[in-house]
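Biologist: I should like a close look at a single part of this protein. Please describe the largest nonpolar core and the helix packing that belongs to it.

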Amino acid sequence: MKRLLCIITAIIIAVSLIEIPVSAEANTLKLNRSNVDIPVNYYTTIKVKGAKGSVKWSSSDSNIALAEPVGESSAEIIAKKEGSVYIYAKADGKKLKCKVNVKPSLISVSADTVGLASGDSRMISVSVLGSKDLSVRNSNKNVCSVTLEKWDNNSVNIKVEAKKDGAAELDFYVKDHYDSTAVPVSILVDSEGMLMAEGDIFSKGDVPDEWENITPLSSRDRKWENDDYKKYCSEMQKIIGEYDHGCEILLYSPEIGELFSHNTLEYVPGASTIKLAYVYYCCTQIEQGNHSLDEKLEYAEKHYYGSSGKIQFYEYGTEWSVATLIDYVLRYSDNVAYFMLLDIFGEDGFNQMLREWGYGTIQLGERTFPDVNAEFLKMSMLKMKEKSSDGQCWRIAWNALLQSERIETRKEISGIDLAAKFGSTYGYYHEVCYIGGDMPHVLIIMTGVEGKTRSEAFIRKVAVCAENIVNSQKV
């Protein structure tokens, strides 16, 4: 009996020392990323490592970000609007999660500290993914001044000029999103030049490693390119090929991204389309309390400008409120109303806004109707739509766009809200439209024409084909 107990005890000890094989997959089952920062309208790939079978993906809020499966163990995280969510992956009975922070943009700077001798200047390179509505907050304008240079793809050079000894902090951020996007840079000014920063801060610098796999949705594999979509895109190309003049066409869905584009970066005389961005600027000034809708201005001879609008037919000396001028500028493309608003709100602040948008090449001055392109007009319309219900000024502006006159696209698209602005000058006619419905989208049609004769047939063909392209995504 004693010997039997010894044998049993030895067996138990031996068994306890044996390593029971555990699945390597079970031990290593994990996500390759536990935290992701990503800008709106971008996507990145996430993967479960060690999964035996397929993975099921879900989001705590698909309105902010969602995960679309790619193969058995990977998914693409698609950022839709600002906020934070968890992306969940369920594999082999285990639930994993990754926190996703969606921001208007991601910002990186080439130097976090810059030393300057008094009177000197240096360049800082700022790289941006997402919105380029870049602003700079300067904690001490007596120490240094800051100027945004021309954008080069996703980077912009910032010129910092030292004014007097001291310290300042520059915060680079997306306008209206300081808390979620601000990146600081310390500026030290020393009259003897002892604090000069080492290294070449003129270079663009390396972007963060975590940016490497973040890509705009516009370059994502278009899984929505069905046969109807391809057919109507070919039809649009044919319409463009048969047109006798140059043109720019841009069809964009905030939900999907770019649906069709042709020659959208070429700057051409934009004429009254600049009024769309200018009214946006006026509304921001009113929102900030710098002016009011009730403010009035007297129509004077210096404001006269013929062509479109109603005020030109009134007598000099009549008074007009800012509210009416904003309405007339967009509803009737009133030139006199535009010049009266310029008299009130000026051009310097507007030009600065354009520089912050990344469009420093578009500036008012001697040319009060500067050259523009389709991409700029898309941004202008989307910004106006985003603010359309934020206050009385914005509502007046948006309502005027909904009821604007002389729009060819309206003759083909009816039954849904269509906000539009046209621009016409010798040799060019353009329409920029925001079209509502169950799949809102922006349509920009910029045309070269004979003299001042707009190409009604071409515009209508493009509008019809564009709607067919949009409808192909509703299946």
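Modeller: The following account begins with confidence, then turns to the core and to one pair of helices. The model is predicted, and the chain has an average pLDDT of 85, with 90% of the residues scoring at least 70. Confidence falls under 50 over residues 11-26, a stretch with four contacts beyond four places in sequence. Residues 197-204 are also below 50, although the model gives this stretch 20 contacts beyond near neighbours in sequence.

The largest nonpolar core comprises 60 residues, and Tyr-278, Ile-326 and Phe-376 have the most contacts inside it. The elements that give two or more residues to this core include helices H5 (274-287), H6 (322-331), H7 (335-345) and H8 (348-357), together with strands S25 (428-435) and S26 (441-448). Helix H5 gives the most, with ten residues. Apart from residues up to four places away in sequence, Tyr-278 touches Tyr-338, Leu-341, Leu-342, Phe-345, Gly-346, Phe-350 and Leu-364.

The packing of H5 against H8 can now be described. Their axes are 10 Å apart and form an angle of about 105 degrees. Because angles from 65 to 115 degrees count as roughly perpendicular, H5 is roughly perpendicular to H8. On the H5 side, Ile-274, Ala-277, Tyr-278, Tyr-280 and Tyr-281 take part, and they meet Gly-349, Phe-350, Met-353 and Trp-357 of H8. By class, this contact between H5 and H8 contains eight nonpolar residues, one polar residue and no charged residues.

Methods
Residues numbered from 1 in each chain as written. Predicted model: local features only at pLDDT ≥ 70, side-chain atom pairs only at ≥ 80, totals over all residues. Heavy atoms only, no water. Core = buried A, V, L, I, M, F, W, Y, C linked by side-chain atoms within 4.5 Å. Buried < 20%, exposed > 50% of the residue type's maximum accessible area, 1.4 Å probe, protein only. Helix = DSSP H or I, 4+ residues; strand = E, 2+ residues; numbered from the N terminus. Contact = heavy atoms within 4.5 Å. Axes fitted to C-alpha atoms, helices over the stretch in contact; angles between N-to-C directions. Parallel < 35°, antiparallel > 145°, perpendicular 65-115°, else oblique. Nonpolar A, V, L, I, M, F, W, Y, C, P; charged D, E, K, R; others polar. pLDDT = per-residue confidence, 0-100.
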